[in-house]
Amino acid sequence: MKSAKPAQHTVKSPFWASAALITAVIAAPCGAESLQDIYEIAVIQDPVIAAARATYRADSEARNQGRAGLLPQISASASYSDSTNEVSDLSSFFVQDNETKTDSKSYAINLSQALFDLPAWYSFQRGKDLTDSAKAQFAADQQNLILRVSEAYFNVLRAFDNTETRDAEQRAIQRQLEQTRERYEVGLVPITDVHEARAVFDEAAVNSLESRGALRIAFEQLQVLTGRRHQVLAGLGEQFTASAPQPAESDGWVDFALDNNFRLKVAMLTKQAAGNNAKAQKYQHLPKLSLSMGYQKSNSEGIQNGVSGVVLPGVPLTATSRDIDRDSNGSSVQLNLSMPIYSGGILHSQRRQSAHRADFAQQNLIAARRNTVQSARSAHQSVMTNAARVDARQQSIVSAQSALKATQAGYEVGTRNIVDVLVAQQAVYRARRNFANTRYDYILSMMRLKQIAGQLSPDDIYQLNAWLQPELVVQRSVIIGGS
């Protein structure tokens, strides 16, 4: 895996599942799946990143909600009523019996605008910090998906390589056991050699069985990410090379991580949001000035029917009927000044609470900064160590093979026994497993270093994918020869 000098990585869009990516997933070949194939499926199907995407969208609304306290508030209302009113007044000298039916309509629109409201201003600043924090958190979650997919994929390749070497070791020990039996039958070796070879073979058979189980489990981990059952993957080519990271000094990676690590950015923005919230609560005691403007209009229509008159002998009552039509409208402009005097102590309590939370966020930022420094140094050291181990492990295979040949030659002439041969044989396959494991350790440690430095991106997936070879088939089920 080539390592380049770190360049600042920015996430242009928080959503990588574009239409082109979806098309690529649908059109994926039916043969051996690659790291890129698995990643592009996981971007869409992984429930963890889907939940992170939903959380990002929800938390991004904090900016809009905070800004709402500074923008005009406009409301409108309308009402309609249909009323009937009856009046009956029967006294000794006067009679009145009326019925009034009225339809009333009213409309109103009101606007209010904060002119001076420091708590609302700092709440808006807090909302911006929380939105930026959500974006940084989602970028960290995207990087985590890249790492999870890479770990799951290369764990499959690791388990497959281990299974291959375990099975090859079992077959080699089986052949050695058969040769030892033949030698025993012609009297060249004692029965103890047969027993010792058999014991080593039984142990190899158990190891082979365990490795095949680990391979199936590794494939199941891929299914957790994609929701699909994968059968065949592309293996890592032998031409893959491990190189030391650039810059070679850890201080460069530490500085870059302090500037670009997304989780550190989350802690920093969370601290800023807590500080702005503390200021918003602190200024709750200040006066607030707002402007209110309103307009109202109403209309009433109806009719009034009835009789009325003075009670006198021979004088009839007067029948009345009149229409009702009333219109009214009005407007208002108000300046409102309010200031809390005493609220039962809740404002003081909220101010103290927000101040303590701001201190909590500050301490979390300090811890995050220290952890980032330590993680960058540790990850850099791990990459440096694993890069050196790859070359050393490759050389150890050559050395183990040479030692095996020498031991077999000594066994043929009687200077070495069967145990020496079996130990040398196991050393060869152990060296092969160690070499394969070290290559995967290097790849994952390099990706972790890039994640800490904030520069891990889908390009790293695509660069790694170029080292894979579809003809190197990594199957879910490994079939070995008889025992």
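**Note on salt bridges, cores and surface patches**

1. Across the whole structure, a search finds 15 salt bridges. The model in front of you is a predicted one, and the points below should be read with that in mind. Three of the salt bridges are taken up in turn, before the note moves to the nonpolar cores and then to the surface.

2. One of the salt bridges pairs E151 with R448, and the closest N and O atoms of the two are 2.9 Å apart. Because E151 belongs to helix 5 (residues 118-185) while R448 belongs to helix 10, the pair ties together parts of the chain that are 297 residues apart in sequence. As for their surroundings, E151 has a relative accessibility of 22% and therefore counts as partly exposed, and R448, with a relative accessible area of 34%, is partly exposed too.

3. A further salt bridge is made where the side chains of D251 and R377 meet, at 2.9 Å from N to O. Here D251 is in helix 7 (residues 250-260) and R377 is in helix 9, so this pair ties together parts that are 126 residues apart in sequence. Are these two residues buried, partly exposed or exposed? With a relative accessibility of 45%, D251 counts as partly exposed, and R377 is likewise partly exposed, its relative accessible area being 37%.

4. In the salt bridge between D441 and R389, the closest N and O atoms are 3.9 Å apart. Since D441 lies in helix 10 and R389 in helix 9, the pair ties together parts that are 52 residues apart in sequence. D441 is partly exposed, with a relative accessible area of 23%, and R389 is partly exposed as well, with a value of 27%. This pair does not stand alone, for salt bridges that share partners join R158, R389 and D441 into one network.

5. We now turn to the interior. In soluble globular proteins, nonpolar side chains tend to be buried together. In this model the largest nonpolar core has 63 residues, and the ones with the most contacts inside it are Y153, F154, L157, L233 and Y442. Which helix gives the largest share of this core? It is helix 10 (residues 418-453), from which 14 of the core residues come. There is also a second core, separate from the largest one, which has twelve residues, among them L177, V194, V200 and Y411.

6. On the surface, E301, D323, D325 and D327 gather in a patch of negative charge. Strand 5 (residues 318-338) gives the most to this negative patch, with three residues. One residue to look at is D325, which has its place in strand 5 and which, at a relative accessible area of 55%, is exposed; the reasoning is that a residue counts as exposed when this value is over 50%.

7. There is a positive patch on the surface as well, and which residues form it? They are K271, K279, K282, R351 and R352. Helix 8 (262-282) and helix 9 (346-413) each supply at least two residues of this positive patch, and helix 8 gives the most, with three. R351, for its part, has its place in helix 9 and is partly exposed, with a relative accessible area of 30%.

8. Nonpolar residues also come together on the surface, where L115, F116, L286, L289, L335 and L337 make a patch of about 570 Å². Strand 2 (94-116) and strand 5 each supply at least two residues of this nonpolar patch, so that strand 5 is a part of the chain to follow in both this patch and the negative one. F116 is found in strand 2, and at 38% relative accessibility F116 counts as partly exposed.

9. A last point concerns a loop residue, A466, which is found between helix 11 (458-465) and strand 6 (468-475). A466 is exposed, with a relative accessible area of 62%. Although A466 and F240 are 226 residues apart in sequence, they are 9.7 Å apart in space, as taken from C-alpha to C-alpha.

Terms used:
Residues numbered from 1 in each chain as written. Predicted model: local features only at pLDDT ≥ 70, side-chain atom pairs only at ≥ 80, totals over all residues. Heavy atoms only, no water. Core = buried A, V, L, I, M, F, W, Y, C linked by side-chain atoms within 4.5 Å. Buried < 20%, exposed > 50% of the residue type's maximum accessible area, 1.4 Å probe, protein only. Helix = DSSP H or I, 4+ residues; strand = E, 2+ residues; numbered from the N terminus. Patch = residues over 30% accessible without salt bridge, like charges linked within 9 Å, V, L, I, M, F, W, Y side chains within 5 Å. Areas by Shrake-Rupley, 256 points an atom, 1.4 Å probe, with all protein chains shown as cover. Salt bridge = Lys/Arg side-chain N within 4 Å of Asp/Glu carboxyl O. Lys, Arg positive; Asp, Glu negative; His and termini not counted. Charge placed at Lys NZ, Arg CZ, Asp CG, Glu CD.
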